[in-house]
Amino acid sequence: MSNTPKRRDATATRKQARPRPRPTQDQGGGRQFDWKKWGLWGIGGIVAIGLIVLIIADQPESIDLPNNAEIPEAVETFEVSDRSHVETAVAYPQDPPVGGAHNPVWLNCGFYTDPVPNENAVHALEHGVVWITYQEGLGGDDLDTLRALANESEVIVSPYPGLDSPVVASAWGAQMRFDSAADPDLLNFVATLRNTLAPEAGASCLGGVGRPES
């Protein structure tokens with residue numbers, strides 16, 4: 001009888017190997033990126049931003065007076081909602097108007113003895129002009145004072161039918177009423193608000209329409 005130990009069958013003692021998991025399409029080992037999902041999110045974000053921009057652009061333009069002690073306290077400011085060019089008449093919320101849609105051609109600066117078109121005058125306001133309107137029939141020293149003011153740069157003076165005050169001064173988005181042209185605040189209005197609030201301040205008020213007296 002042989003004393004040689006019996007060799008164990010290797011196939012009987014070897015542990016059965018576990019099957020390896022099949023690799024995913026992402027061979028880098030990370031989670032597969034869902035381009036379709038993120039693409040939809042990106043498009044949605046762009047659309048949302050576009051809507052926000054449109055909403056902001058459609059908001060009225062708020063007018064804030066500069067910090068200047070010389071500006072008269074009685075000046076009123078108004079929101080201006082439109083600056084587009086139109087060929088038709090415009091119904092303005094203020095009378096006289098202080099801004100808004102206007103004719104493509106501005107009104108020449110100077111002194112007028114006849115009423116001028118609102119739409120051309122508003123275009124001049126956009127250029128930084130101060131438009132001084134007065135009641136029809138105004139005379140005496142008041143009219144002489146206004147004639148002198150019309151010689152200032154970027155100033156228009158004209159009569160305005162149905163005006164509820166003897167004199168009204170208007171700039172882009174701002175206005176003040178006066179009982180007399182001799183009021184020193186009228187000159188302050190011109191000096192402080194000319195070429196100050198207008199979106200195209202400093203643009204020309206010559207080469208447009210209208211034949212001023214001076």
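In this predicted model, strands S5 and S6 form a hairpin with two residues between them. Glycine 173 sits in the turn and has a positive phi of about 80 degrees. Strand S6 is mostly covered, with four of its five residues buried.

S6 has a partner on either side, and the two pairings can be set next to each other:

| Strands | Sense | Bridges | Residues standing opposite |
|---|---|---|---|
| S5 and S6 | antiparallel | five bridges | valine 167 and phenylalanine 178 in S6 |
| S1 and S6 | antiparallel | two bridges | glutamate 76 and glutamine 175 in S6 |

Let's step back to the whole sheet. It is open, has six strands in the order S1-S6-S5-S3-S4-S2, and its pairing is mixed. Its edges are strand S1 (76-77) and strand S2 (110-111), each of which pairs on one side only. Helix H3 (residues 118-126) packs on the sheet, where it touches strand S3 (130-134), strand S4 (155-159) and S5. The direction of H3 makes about 140 degrees with that of S3.

Now to the interior. The largest nonpolar core has 25 residues, and those with the most contacts inside it are Ile132, Leu146, Val167, Leu186 and Phe189. At least two residues of this core come from each of S3, helix H4 (140-150), S4, S5, S6 and helix H5 (184-193). What does leucine 146 contact, leaving aside its neighbours within four places in sequence? Its contacts are Phe111, Ile132, Tyr134, Leu138, Val157, Val167, Ala181 and Leu186. Apart from this core lies another, of 19 residues, including Cys109, Ala124, Val129 and Cys205.

Methods. Residues are numbered from 1 along each chain as its sequence is written. This is a predicted model: local features need pLDDT of at least 70, side-chain atom pairs count only at pLDDT 80 or more; totals for chains, interfaces and linings use all residues. Side-chain values use heavy atoms; hydrogens and water are left out. Two strands pair if DSSP finds at least two bridges between them. Contact means heavy atoms within 4.5 Å. Axes are lines fitted to C-alpha atoms, for helices over the stretch in contact, and angles run from 0 to 180 degrees between N-to-C directions. A nonpolar core is a set of buried Ala, Val, Leu, Ile, Met, Phe, Trp, Tyr and Cys residues joined through side-chain atoms within 4.5 Å. Buried means under 20% relative accessible area, exposed over 50%, partly exposed in between (1.4 Å probe, protein chains only).
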